[in-house]
Amino acid sequence: MANALRIQPLEDRVYGNNGVILQPLEACERISLRAEDKAIAGLGKAIGLALPKKPGTSSEKNGIIAMWIGPDEWFVTAPEGTGLEAKIDKVKTGLYSAVSINHRNTGLTISGKNAVNALNSGCPRDLSLTVFPVGACSRTMIAKAEVILYRTDEQEFRVECWRSFSDYVWKYLMDAARSA
Amino acid sequence: MLKIHCPYCEEDRPELEFHGAGEAHIARPTNMAELSNEDFEKFFFIRDNDKGIVFERWRHLHGCGRFFNAARHSVSDKFIKTYKAGEKKPKLTKKEIEAVLPPAKSTPANEAVWTIEKEGKK
């Protein structure tokens, strides 16, 4: 039987210059989760971590990350093979919608001592550690592309964007890194 | 860059993330089918377009995605406050309004054509 080979849009790329390193993320599972209050506890149990309720925060356990995106919206991501969809499918309490956006999204990590400067070239958010600490997340803009920004470390961010925007985001950050 | 406070994200965010969505607090008629053409036009198309304090809908499009309302000055573009959708029009204090007034009489466009008393009648 023929198998379709899945190629990541940023596959094989890597960039490092001027204190900024860009790396594409490995394939992973991604769910856009919308849920009413009644469903939150059950969903948290099924996924294995409590969904964050405070704006701009995230929770992480065993490689599974849930990011607060809106008052009833979370971005949940897990390593390939976790089976997030099947886990969520078992929840029967409350109304919710879980959509796999795995094929729509792709991600990259940007790290290094000038990572914040490179990001700030296209993203006017205050990315200082007091306002945007490790674990903070938010949907925002990098230049003209909508992204989800997630701080994984003091000098490391995960940038999630639509796969069709990924080339633009990559090249924008590359350019930004040169003058960071 | 203009910073806008999102009542859902509880944070000041850059204007790039937002999208204006017209006048706020427009009640949709319950008897839509019975409306005359003139009344429908009034509800659907005719907006106050005030010069001065305006109440507007905004959407945090590239953030939490939520619609919310804002009280703003349409000449100075300064926001007085933002509040969640569904909440009542806030009563603005004189101090709040004075804080967002455009510079007095610098250009004709900046001259206020409204007064606080007039605003209170609505």
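**Exercise 1. Which residues does A:V159 touch, not counting residues up to four places away in sequence?**

Solution. Start with the ground rules. This is a predicted model: local features need pLDDT of at least 70, side-chain atom pairs count only at pLDDT 80 or more, and totals for chains, interfaces and linings use all residues. Residues are numbered from 1 along each chain as its sequence is written, while chains are lettered from A and ligands numbered from 1 in the order in which they are written.

Step 1. Apply the contact rule: C-beta atoms, placed from the backbone, lie within 7 Å. A:V159 then touches A:G107, A:L108, A:I110, A:I142, A:V147, A:L149 and A:V169.

Step 2. Place A:V159 in its core. A nonpolar core is a set of buried Ala, Val, Leu, Ile, Met, Phe, Trp, Tyr and Cys residues joined through C-beta atoms within 7 Å. Buried means that 20 or more other C-beta atoms lie within 10 Å of the residue's own; exposed means 12 or fewer, partly exposed in between, with C-beta atoms placed from the backbone. The largest such core has 55 residues. A:V159 is among those with the most contacts inside it, along with A:M67, A:V76, A:I110 and A:A118.

Step 3. Ask where the core comes from. Domain 1 (15-26 + 104-178) and domain 2 (28-100) of chain A each give it at least three residues.

**Exercise 2. Describe how the two domains of chain A meet.**

Solution. Step 1. Set the bounds, which come from an automatic or database domain assignment. Chain A has domain 1 (15-26 + 104-178) and domain 2 (28-100).

Step 2. Separate the centres. Over C-alpha atoms, they lie 23 Å apart.

Step 3. Count the contact residues. Domain 1 of chain A supplies 10 and domain 2 of chain A supplies nine.

Step 4. Find the elements on the domain 1 side. Strands are DSSP runs (E, at least two residues), as are helices (H or I, at least four), numbered from the N terminus. β9 (137-142) and β10 (145-153) of chain A each supply at least two residues there. β9(A) gives the most, with three residues.

Step 5. Sort the domain 1 side by class. Nonpolar covers Ala, Val, Leu, Ile, Met, Phe, Trp, Tyr, Cys and Pro; charged covers Asp, Glu, Lys and Arg; the others, Gly among them, are polar. The side that touches domain 2 of chain A has five nonpolar, three polar and two charged residues.

**Exercise 3. Trace two sheets of chain A and the helices on them.**

Solution. Step 1. Two strands pair if DSSP finds at least two bridges between them. One open sheet has five strands in the order β4-β5-β6-β3-β7, with antiparallel pairing.

Step 2. Find the edges. β4 (58-61) and β7 (96-100) of chain A each have a single partner strand, so one side of each lacks a neighbour in the sheet.

Step 3. Read the twist. Axes are lines fitted to C-alpha atoms, for helices over the stretch in contact, and angles run from 0 to 180 degrees between N-to-C directions. From one strand to the next, the twist averages 20 degrees.

Step 4. Add the helix. α1 (residues 37-47) of chain A packs on the sheet and touches β3 (28-35), β5, β6 (73-79) and β7 of chain A. The directions of α1 and β3(A) make about 165 degrees.

Step 5. Check one edge pair. β4(A) and β5 (residues 64-70) of chain A run antiparallel, joined by four bridges. A:E60 has A:I65 as its bridge partner.

Step 6. Turn to the other sheet. Six strands form an open sheet in the order β1-β2-β8-β11-β10-β9 (chain A), again with antiparallel pairing. β1 (15-17) and β9 of chain A are the edge strands. Neighbouring strands are turned by 25 degrees on average, direction ignored.

Step 7. Add its helix. α4 (residues 163-178) of chain A lies across β1, β2, β8 (105-111), β9, β10 and β11 (156-162) of chain A, at about 145 degrees to β11(A).

**Exercise 4. Is strand β5 (residues 67-73) of chain B largely enclosed or left open?**

Solution. Step 1. Count burial. Six of its seven residues are buried, so β5(B) is largely enclosed by the rest of the structure. Across chain B, buried residues make up 19% of the 122 residues.

Step 2. Name its partners. β4 (residues 53-59) of chain B pairs with β5(B) in the antiparallel sense over seven bridges. B:F55 has B:A71 as its bridge partner. β6 (residues 79-84) of chain B also runs antiparallel to β5(B), with five bridges. Here B:R72 stands opposite B:F79.

Step 3. Inspect the hairpin. Five residues lie between β5(B) and β6(B), and B:D77 takes a positive phi near 65 degrees.

Conventions. Two residues are in contact if their C-beta atoms, placed from the backbone, lie within 7 Å.
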